[in-house]
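Here's a quick round of questions and answers on a structure. Have it open while you read.

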Amino acid sequence: MNSAQPHARWVIAVTLVVALTLMILPLPAGLEPYRPEWAMLVILYWSLALPVRVGVGVAWLIGLLQDVIQATALGSHALAFALVAYLTIQLCQRLRNVPIWQQTLTVLGLVLLARALLFITRGLSDSAGVDWRFWLPALTSTLVWPPVFVLLRLLRRRFQVN
């Protein structure tokens, strides 16, 4: 273990805290439906880059935190994030070797799947109905994936997170 390894947990933790913070930062009412799934994207990145460090358990915990922060049905984001982490880990060897635009298409599929799970859990918890804007975070998350990927890769390399 090299001297940079103790910092690895902190780098990962800070990126997850920043992502959760971005999920609760107030936006103008017209932009709120467009908010990307920041926490899911960060989990997706770390599950892809370091599946041994960030897996289903971490994704579940971050999902629970997001449920508490956003006052949604407890476990809904946890389930969605855990599934995304699991599928990312299963696909990580393939995803690492494809161009970023193909990764982006996979991200679209994963975020749509997570949104579908959130849609189902909202229906089960008798929450207010959702309209077409419920699906917009899948689009915006897909659009911001390339810069998120590049930024997190730079941080991982800069702080030698292995």
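**Charges, rings and a nonpolar patch**

Arg 35 and Glu 32 make a salt bridge, with their closest N and O atoms 2.9 Å apart. Keep in mind that this is a predicted model.

Q: Is Arg 35 buried or exposed?
A: The cut-off for buried is under 20% relative accessible area. Arg 35 has 7%, while its partner Glu 32 is partly exposed at 35%. So Arg 35 counts as buried.

Q: How many salt bridges does the count come to?
A: One is Arg 35 with Glu 32. Arg 115 also pairs with Glu 37, at 2.5 Å between the closest N and O atoms, and Asp 131 meets Arg 133 at 2.8 Å, N to O. The count comes to three.

Q: How many residues apart are Arg 115 and Glu 37?
A: Arg 115 and Glu 37 form a salt bridge. That pair links distant parts of the chain, with Arg 115 in helix 5 and Glu 37 in the loop between helix 1 and helix 2. Their separation is 78 residues.

Q: Which ring does the charged end of Arg 115 sit over?
A: Arg 115 is buried, and so is Glu 37. The ring in question belongs to a residue that also counts as buried, at 6% relative accessibility. The charged end of Arg 115 lies 4.1 Å from the centre of that ring, which is the ring of Phe 134.

Q: What kind of aromatic pair do Phe 134 and Trp 135 form?
A: Planes over 60 degrees apart count as edge-to-face. The two ring centres of Phe 134 and Trp 135 are 5.2 Å apart and the planes are at 90°, so the pair is edge-to-face.

Q: What kind of aromatic pair do Phe 119 and Trp 135 form?
A: Their centres are 5.8 Å apart, with 40° between the planes. Stacked needs planes under 30 degrees apart and edge-to-face over 60, with the rest counted as tilted. So Phe 119 and Trp 135 come out as tilted.

Q: Why does the pair of Phe 119 and Trp 135 tie together separate parts?
A: Phe 119 lies in helix 5, and Trp 135 in the loop between helix 5 and helix 6. The pair therefore ties together parts whose distance in sequence is 16 residues.

Q: What is the accessible area of the nonpolar surface patch?
A: The patch includes Phe 119 and Trp 135, which are partly exposed at 39% and 32%. Leu 124, in helix 5, is exposed at 69%. With Leu 112 and Ile 120 joining in, the patch has a combined accessible area of about 490 Å².

Terms used
Residues numbered from 1 in each chain as written. Predicted model: local features only at pLDDT ≥ 70, side-chain atom pairs only at ≥ 80, totals over all residues. Heavy atoms only, no water. Patch = residues over 30% accessible without salt bridge, like charges linked within 9 Å, V, L, I, M, F, W, Y side chains within 5 Å. Areas by Shrake-Rupley, 256 points an atom, 1.4 Å probe, with all protein chains shown as cover. Salt bridge = Lys/Arg side-chain N within 4 Å of Asp/Glu carboxyl O. Helix = DSSP H or I, 4+ residues; strand = E, 2+ residues; numbered from the N terminus. Buried < 20%, exposed > 50% of the residue type's maximum accessible area, 1.4 Å probe, protein only. Phe/Tyr/Trp six-rings, centres within 6.5 Å; stacked < 30°, edge-to-face > 60°. Lys NZ or Arg CZ within 6 Å of the ring centre and 35° of its normal.
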